[in-house]
Amino acid sequence: MFFGRDDKKDPKQTAMPLLPLRDIVVFPHMVVPLFVGREKSIAALKDAAARRDAAVKLGGDDKAYIILSAQKKAKTNDPSSEDVFHYATLGHIIQLLPLPDGTMKVLVEGVKRARILEFLPNETHFMVRIEEVEEDADRNVELEALLRAVRETFKAFVELNKRLPPELPQQVSAIDDPSRLSDTIVSHLSLKLNDKQMLLETESPVKRLEKLYELMQGEIEILKVEKKIRSRVKKQMEKTQKEYYLNEQMQAIQRELGDRDESKNELQEIEDKLKTKRMSKEATLKVKKELKKLKMMGPMSAEATVVRNYIDWVLSLPWADETKDKLDLTEAERVLEEDHYGLKKAKERILEYLAVQSLVGKIKGPILCFVGPPGVGKTSLARSIARALGRKFVRLSLGGVRDEAEIRGHRRTYIGAMPGKIIQSLKKAESNNPVMLLDEVDKMSTDFRGDPSAALLEVLDPEQNNTFSDHYLDLDYDLSKVLFICTANQLHNIPAPLQDRLEVIRIAGYTEAEKMSIARKYLIPKQKEANGLSDVGIEITSAAVRTVISRYTREAGVRSLERELASIFRKLARDVVKNGKKDVAVDRKRAMKLLGVTRFKHGMKEHEDQVGIVTGLAVMDTGGDTLTTEATVMPGKGKLIITGKLGEVMQESAQAAMSFVRSRAKRFGIDEKFSETLDIHVHVPEGAIPKDGPSAGVTIVTAIVSALTRIPVRRDVAMTGEVTLRGRVLPIGGLKEKVLAAHRAGMKTVLFPEENRKDVREIPRKVRDAMRLVPCEFVDEVLREALVLEKPEEFIRSASGAKIEVKPIAEPGPVAS
């Protein structure tokens, strides 16, 4: 009988002191030494010893019993009853030894599993009332098989784990009791605290053996992997040592034969190069310092390799090497015109730079940003600028870059550190004044490694980039002579501080006439040569090219056009190889036969004037495009339904348009109570494509008014503009791209905000001559132009209530006044 048992309550329940343990679970039959230093823990040990002494005097048991329970968190210095596991081990103290520093060393042995029923009130240490756990297992064939499997698995574990004595499996095999076997084995396993506690709390010996078997299998797999890793590392070390030994032997032989040491030869080469290399004073001093450090290092040391690489990088950079600019404006203009059609603004800016350079002698390189849809020639124009200036050209793609170190480089403390892309590009160019293209600058992103767009702020600032500091070089490098050119599809994706450093040049899409000229002058000769048909007489008619442009492509640039022309030439090359070389003529009919079924309709305008269908204009990533808007009415309670995957701004524009129509219902001849009896559904087709922006305001107003009044909308009219609740038409962006899209779609009239009149001059003259451009200040003017009205002056009045003076129908040409 254990000392302290309260027989009046329950013969199996016992009250005794508790010792909380850190990072250890004591199992029955397990002997373990413990070092105890906490006051409560020392008090619990003293109480257990005192109880033993009292029991001996009364003729009871001579063992000092104590409850051993693991803490849930080892870092808890003053645990409460909630901080220890309530499933513990009843143990007895074998030896108790006070130490000079006030702590105690105690040797305990686990006796039996115990369940803590309650914590008894006690100030000096934990006192608990426990219940002993009875363990029993029926002996059967299944249990015998499980015992054998556990013993074999433990034997395999000991063979792999060299820290355990090899005779241990033989000792374990002598244990026949399932409970004692599991507790003995688990004391030799390096398991997590929670796993050990789980095994302690498993009362059934059979289930405990099954869990133990599963945990041992996992430990064996880990030991196998560790053994494989140790073997691989050992082989690698032996190989490295062998290589080092052979290298030392080789160097000794060379010295005996009178050959010079290779490392000395290399150091001499660096010194010779340093004497002739023109660098900044800071860089020269830095290289000399690193070279001095390198001489004191062993040639095979890892640090020597790092220093040698650093010196190589510094000496390989074009500190003072530059190409001489071609300052002949006529020749530069000829090169630019030879490579690209149009792009007048960008070409003028380069010629201005050359003119100032020829007068001043030295100016800081401009930082340009070409913004436009894909395929309009932004990247190729940068290459053409380099050719016109006679400079080296390097391209740095920033699409998807999310690490600031890609721009500034890594510090030398990192293994495998290198300079950033800017310095690498300069080394590649072998010149300190190249044309450097930063492609797709709007496609950069940010993550935990930093913001690359912020790192570009220093690179693209003319006032700072003459002292650009790369993390790897840790030296100031002058980038002021570099002509930086950035390209982007969307300006709003570029952070505002970076935009502020860029000289933005917008490149809009091409008209059909411009595409015809580009195809004739550039694309057809290029594809003819690329497909090996230079010496074959091939004539592609203008009608055929126009068909390819209008029926097989829909884009702002000419990339798809080039692909379609390449397809035609590939098919012609096949015919030439098959039937022999002969002159070939490709007209419209043959072009359609070669390319197959047409992909797009000719233009996009409707076949007839319809109610509630209006053609709007928008700017996409691919350039300008037409955007059909539909509105229909149905019996209901005044609900406005908006569909077509519209963004928040566009949905708000629709709400504003609806409010405006309701406020002007009487003036438009609409029943003022329509919002109580009718639902209106506004839909923008191609619902899978996201759409947003405020410029569809006038389009939605026109569609709603047309649907409510049953008056058709002119099919050859396209419009754009933001609308206010007072009916004013506010300015929009991208007028040039939108007008070009309307022209491609076959529209005759474009309605746009009055405040955008200044942007009309950017539209090509041929487009302006072919279309009627009407600036509008109020929505009333838009409705008068867009709706099919017999007497527009009697139907619609201005915002002030006075009649609007009817504008004469302007002939195709300048802006309608």
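User: Is Arg728 buried, exposed or partly exposed?

Analyst: Keep in mind that this is a predicted model. Partly exposed covers the range between under 20% (buried) and over 50% (exposed). Arg728 has a relative accessibility of 25%, so the label for Arg728 is partly exposed.

User: Which residue does Arg728 form a salt bridge with?

Analyst: Look at the loop between β24 (772–776) and α26 (779–786), because a salt bridge needs a Lys or Arg nitrogen within 4 Å of an Asp or Glu carboxyl oxygen. The closest N and O atoms of this pair are 3.5 Å apart. Arg728 itself sits in the loop between β21 (722–723) and β22 (729–730), 49 residues away from the partner. That partner is Glu777.

User: Where in the chain is Arg113, the salt-bridge partner of Asp183?

Analyst: The two side chains meet at 2.9 Å, N to O. Asp183 belongs to helix α4 (residues 178–186), and 70 residues separate the pair. Arg113 is in strand β5 (residues 104–120).

User: What relative accessibility does Arg113 have?

Analyst: Its partner Asp183 is buried, with a relative accessible area of 2%. Buried means under 20%, and Arg113 counts as buried too. Its value is 0%.

User: Which loop holds Arg163?

Analyst: Arg163 helps form a positive surface patch with Lys162, Lys227 and Arg230. Arg163 counts as exposed because its relative accessibility is 70%, and the cut-off is over 50%. Its place is the loop between α2 (141–160) and α3 (168–173).

Technical notes
Residues numbered from 1 in each chain as written. Predicted model: local features only at pLDDT ≥ 70, side-chain atom pairs only at ≥ 80, totals over all residues. Heavy atoms only, no water. Patch = residues over 30% accessible without salt bridge, like charges linked within 9 Å, V, L, I, M, F, W, Y side chains within 5 Å. Areas by Shrake-Rupley, 256 points an atom, 1.4 Å probe, with all protein chains shown as cover. Lys, Arg positive; Asp, Glu negative; His and termini not counted. Charge placed at Lys NZ, Arg CZ, Asp CG, Glu CD. Helix = DSSP H or I, 4+ residues; strand = E, 2+ residues; numbered from the N terminus. Buried < 20%, exposed > 50% of the residue type's maximum accessible area, 1.4 Å probe, protein only.
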